[in-house]
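Colleague: Got a minute to walk me through this one? Start with the overall picture, then we can pick at details.

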Amino acid sequence: MTDEIFNELTDARRESGPFTLMSPGFTERLRGWSRGGRIAYVEADFWGGNGSQAAALWENGRQSWGPGYASIRVGPPHEGWPINAVLARLGVIGAGALDLFDTVGFGRERDMEGWRRAGLDALEAADYDVWEAACRAKEEADARTAAERDRYTRRDDAPVVLDGRTVMRMLGIPPSPMVGAAIRHLQEVHLERGSLTRDEATAELHRWAQSFRSTR
């Protein structure tokens with residue numbers, strides 16, 4: 001729910017706990033909509049896994065559940081959280097290990113503004129399946145980009161057997177992303193096999209460099 005839409009539906013906006021956007025006029029509109037079927041109103045705001053959410057449900061012209069509010073902290077989802085609770089009452093069924101919040105796609109964004117943008121994107125798509133496929137494609141592309149970035153980034157949880165200057169000298173290369181990739185690889189080997197001596201690290205470095213160059 002954006003401010004623009006909210007102001008179109010109500011004459012007097014005010015905060016009404018636990019909701020940020022709520023007024024008598026909007027409540028009446030929700031009651032009217034619910035005469036054609038159950039309707040839920042939800043709000044959420046998350047950052048880094050922490051945040052809050054609120055929800056309520058209307059049906060047959062009256063508020064039948066809520067409003068519920070929860071302050072959310074990083075951890076496993078809970079079926080009693082307000083948004084999960086109203087989604088269950090709307091008949092949503094979880095997909096695999098996902099809770100209902102993530103099943104319907106709310107987890108792709110962190111707040112109501114993100115949901116608004118996603119809704120606008122969905123309206124521009126030919127149909128929901130096209131939009132859903134585009135979302136999956138973007139998530140996969142973002143994951144590939146992150147994985148590629150990690151490939152060249154030094155880990156914080158493993159020692160550096162050969163530093164950057166040593167790697168450049170041994171391989172005869174200038175400062176480049178390959179230096180970071182080499183150090184990252186040696187750290188991964190350390191985590192998989194245990195501590196490497198300097199000679200073992202040197203041999204592994206040259207073996208890796210040959211493979212790395214062949215893929216460029």
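Modeller: Sure. The chain has 216 residues, and 34% of them are buried. Keep in mind that this is a predicted model.

Colleague: How many helices and strands are there?

Modeller: Nine helices and five strands. From the N terminus, the order is α-β-β-α-β-β-β-α-α-α-α-α-α-α.

Colleague: And what about contacts between residues at least 24 apart?

Modeller: They make up 46% of the contacts between residues at least 6 apart in sequence.

Colleague: What does the surface look like, in terms of area and atoms?

Modeller: About 13300 Å² is exposed. Carbon and sulfur atoms supply 50% of that area.

Colleague: On to the sheet. What's the strand order in the open one?

Modeller: S3-S4-S5, three strands with antiparallel pairing. S3 (39-47) and S5 are the edge strands, each pairing on one side only. The twist averages 5° from one strand to the next.

Colleague: How many bridges hold S4 and S5 together?

Modeller: Eight, with S4 covering residues 50-59. One pair to look at is Ser 52, whose bridge partner in S5 is Ser 71.

Colleague: Which helix lies across those strands?

Modeller: H3. It lies across S3, S4 and S5 and runs at about 30° to S4.

Colleague: Let's zoom in on Asn 84, then. Where is Asn 84 found?

Modeller: In H3, which spans residues 82-89.

Colleague: Is Asn 84 buried or exposed?

Modeller: Buried. The relative accessible area of Asn 84 is 3%, and the cut-off is under 20%, so Asn 84 counts as buried.

Colleague: Which side chain does the Asn 84 side chain have a polar contact with?

Modeller: That of Asp 99, at 3.0 Å. Leaving aside neighbours within four places in sequence, Asn 84 is also in contact with Gln 53, His 78, Glu 79, Leu 100 and Phe 101.

Colleague: Now Ser 64. Which strand is Ser 64 in?

Modeller: S5, residues 62-72.

Colleague: And why do you call Ser 64 partly exposed?

Modeller: Because its relative accessible area is 26%, and partly exposed runs between 20% and 50%.

Colleague: What does Ser 64 touch?

Modeller: Beyond neighbours within four places in sequence, Ser 64 is in contact with Leu 57, Trp 58 and Glu 59. With Glu 59 there is a side-chain to side-chain polar contact of 3.0 Å.

Colleague: How far is Ser 64 from Ala 40?

Modeller: Their C-alpha atoms are separated by 9.9 Å. Along the chain, the two are 24 residues apart.

Colleague: Change of topic: H7. Which residues of H7 are buried?

Modeller: Gly 164, Thr 166, Val 167 and Leu 171, in a helix that covers residues 164-171.

Colleague: Why do you put them on the same side of H7?

Modeller: Because they cover an arc of only 160° around the axis. In general, an α-helix has 3.6 residues a turn, so residues three or four places apart point the same way.

Colleague: What covers that buried side, and what's on the face turned away?

Modeller: The cover includes H8 (177-193) and H9 (198-214). The face turned away carries the exposed residues Arg 165 and Arg 169.

Colleague: And the ends of H7?

Modeller: At the start of H7, a side-chain oxygen of Asp 163 reaches to within 3.3 Å of the backbone nitrogen of Arg 165. After H7 comes Gly 172, with a positive phi near 65°.

How values were computed. Residues numbered from 1 in each chain as written. Predicted model: local features only at pLDDT ≥ 70, side-chain atom pairs only at ≥ 80, totals over all residues. Heavy atoms only, no water. Helix = DSSP H or I, 4+ residues; strand = E, 2+ residues; numbered from the N terminus. Buried < 20%, exposed > 50% of the residue type's maximum accessible area, 1.4 Å probe, protein only. Polar contact = N/O pair within 3.5 Å; in protein donor to acceptor, adjacent residues only side chain to side chain. Contact = heavy atoms within 4.5 Å. Areas by Shrake-Rupley, 256 points an atom, 1.4 Å probe, with all protein chains shown as cover. Arc of directions from axis to C-beta. Pairing = 2+ DSSP bridges. Axes fitted to C-alpha atoms, helices over the stretch in contact; angles between N-to-C directions.
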